[in-house]
Amino acid sequence: MSLEKTKARLLAANETAEELLSQVKDLYVEEIRSKEEVLKDALSQLHNAGEIDLIKLVREVDKSSNSYDFFTVLHVFENVLPSLDASIEDVLRCLLHLTQQAGRDLAIGGVYRAFQHFCSVEAHRPRDSVGFILAQSELSAYSPFLSSSILAYGSDCVTDAIQTTENLIANKNEMVRSQAYFILGRLDVGEAQANDIWELLSGSSERESGCCASLMRATISFGDAFPSYWSRIEKFLLMFVEDSPSEVLYEISNIVAFMRVELPESVLRLLLKQFANVSTEHKGIIDNIDHILVNLVEKGEFPQALKLLESILTAGVKFPQLGYFSSELLSKHQKLLNHIVTKWFLSGDSLLCHGVSDLLNDVSGKDVELEADMVLLGDEVKQVFVSHKAVGWLFMQPITATGFILSVYGTASTTARENLEKVLYEPLLLSYPGKLKLFFQSCVNKGIHADLCERLLGKLQAYHSDIDKVSELKELMAPRENVSTYWKKFNSDMQAAYENTSKGVLSELIATKQTLLYGNSSIYYVHKGDGEQIRQEMQMQSFSHSTEMPRLNVLDPESLDYILRFYRYERMKNEANS
């Protein structure tokens, strides 16, 4: 569509604000489809000619209106704003209205860039904007536009921009000071003015947490622009981040996770060290750390990633809170996973060992393949020790635990092999004769430790033969009354657990619960718009799920509980008196 036709359609719809904004939306959609770009020029020319007042029109938009899409109008206005003839006062009042309508929606970010561009068109606008904002009673509401105003200063006015920013740092309003630090990190200055910026940053005695977070980001941005200052920045950060509040800690996590800055290794270590104080309640910080761990691993920074991971687990963070990293570790980094599991089992630290259990328990329906990192297991004491840990902490994942122990068995000494064979048989094989029998048989077929697996299967068969011989002895049978009482109690407990679990679940909120007393189908009615009901019948489908429970938990629960606790919390023999 031509420029003149677009202007004509806009003027034809100019009788009411709703109609005009609706027309803007329609033209915007048509423009996307046709890939013609005339709407911006049409609105700009009509406004500058006084035929429509676009600023007034946009200042009255309502996000809840059904006549037009608020964010479409917002996007169109961002494109048009720099080319409009309008006073700073009218534009700022309009933009404040838009930001209040948008709330916390990230789409509003383009407004600030558009306003910076608008201010840069005429030399007086940045100064006029700063003066107007500082004169407002709603200073906190207008303060976010200070950065756009000052960053719009021309390259020949850098000294004025720095002086204006320095004045803002002395302001009593926290939001204004936060904007000032934000500006310092982004001013386009040369080496001559760099020291002035550094003096303002390093000389700050800021105590408000929000301003401290802004100061932190500005300092990192400054270091990225002027790498020669990194050594001084590191000394400043060393004092600045000590006992930092949660707002600053969040900013640190945001910087390391997402800011495109190549931090020196010493600075990175300093920042990562601060996460040892993270609280489990700070979900935003933990989410950022989750991304940091993935980034470190992708860059091959395994020692840094492992040190950070251990520090936050020690602080109380759990693997389910690190979903992104857990997924990447399990799916892409098998060698690192093997190293972590072996190292943590070898440490004997219950928090880290519990972390292994949490990590692998979070995998639904899959048996994770684990192999021990034999570089860490130089003697038979360590080999047996980590195998005990695998049984203790991975008992509910018998195939994973067994695979780990078999990887140790391959290079273990004769004495160590005897010990490993014992734990593979009891408690693992005796507890899971179904899963592990199939697993050991598959190992025999593949030729993996075939002799060991055949011996274990032979022991199991002999064990079951002995049970069969005595199974019919009346003296070993429980009375029928006891059996009946047991199953009644079991069914009662299962029903209570089901009812407790069902409370508050989503299905109860969106579906009607029905109890079927007999039959193999259910009948329901579909209501049509004219009031007619159609009878429908749905056949019921059967489904089932089975899992193998550890048999020793029934046959000898006390002994099983004891051995698992012993394996979990035993220490290396040379650490017994440490």
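Which helices each supply at least two residues of the lining of the second largest cavity? They are α2 (17-34), α4 (54-59) and α5 (70-80). Keep in mind that you're looking at a predicted model. Here's a quick tour of its empty spaces, then of a helix pair, a helix with buried residues and one spot on a strand.

**The second largest cavity**

- Let's stay with the cavity we started on, which holds about 50 Å³ of space.
- Its lining is made up of L21, V24, L43, L54, L57, V58, V73, V76 and F77.
- Sort those residues by class and you get 9 nonpolar, no polar and no charged.

**The largest cavity**

- How many cavities of 30 Å³ or more does the structure hold? There are 2.
- The largest cavity has about 60 Å³ of space inside.
- Around that space you'll find L313, G316, V317, K318, F319, L351, H354, G355 and D358.
- Helix α22 (residues 350-361) is the top contributor to this lining, giving 4 residues.
- The lining of the largest cavity is a mix, with 4 nonpolar, 3 polar and 2 charged residues.

**The largest pocket**

- Now for a pocket: the largest one has a volume of about 1,000 Å³.
- There are 23 residues lining this pocket, and the ones closest to its centre are Y112, P144, S178, Q179 and F182.
- Four names to look for here are α7 (109-121), α12 (174-184), α14 (209-225) and α16 (246-258), the elements that give two or more residues to the lining of the largest pocket.
- The largest share comes from α12, with 5 residues.
- As for classes, the lining of the largest pocket splits into 8 nonpolar, 9 polar and 6 charged residues.

**Where α7 meets α8**

- You've already met α7 as part of the pocket lining, and this helix also pairs up with α8 (residues 124-134), their axes coming within 6 Å.
- At what angle do the axes of α7 and α8 cross? It's roughly 120°.
- That crossing is why α7 counts as oblique to α8.
- On the α7 side of the contact are F115, F118, C119 and V121, while α8 brings R125, P126 and S129.
- The contact of α7 with α8 has 5 nonpolar, 1 polar and 1 charged residues.

**Helix α17 and what covers it**

- Take a look at helix α17 (residues 265-273), where V267, L268, L270, L271 and L272 are buried.
- What covers those buried residues? The cover includes α14, α15 (230-240), α16, α18 (283-298) and α19 (302-314).
- Two of those names should ring a bell: α14 and α16 turned up in the lining of the largest pocket too.

**A close-up of Q536**

- Q536 sits in strand β2 (residues 533-539).
- Is Q536 buried or partly exposed? Its relative accessibility is 30%, so Q536 counts as partly exposed.
- Leaving out residues up to four places away in sequence, Q536 touches S522, I523, Y524 and V526.
- Try finding V526 in the structure: Q536 and V526 are 10 residues apart in sequence, and their C-alpha atoms are 7.2 Å apart in space.

Conventions: Residues numbered from 1 in each chain as written. Predicted model: local features only at pLDDT ≥ 70, side-chain atom pairs only at ≥ 80, totals over all residues. Heavy atoms only, no water. 1 Å grid on protein atoms, 1.4 Å probe; cavity = no way out; pocket = protein on both sides within 12 Å on 5 of 7 lines; lining within 4 Å. Points joined across faces, edges and corners; volume = space filled by probe spheres on them. Nonpolar A, V, L, I, M, F, W, Y, C, P; charged D, E, K, R; others polar. Buried < 20%, exposed > 50% of the residue type's maximum accessible area, 1.4 Å probe, protein only. Contact = heavy atoms within 4.5 Å. Axes fitted to C-alpha atoms, helices over the stretch in contact; angles between N-to-C directions. Parallel < 35°, antiparallel > 145°, perpendicular 65-115°, else oblique.
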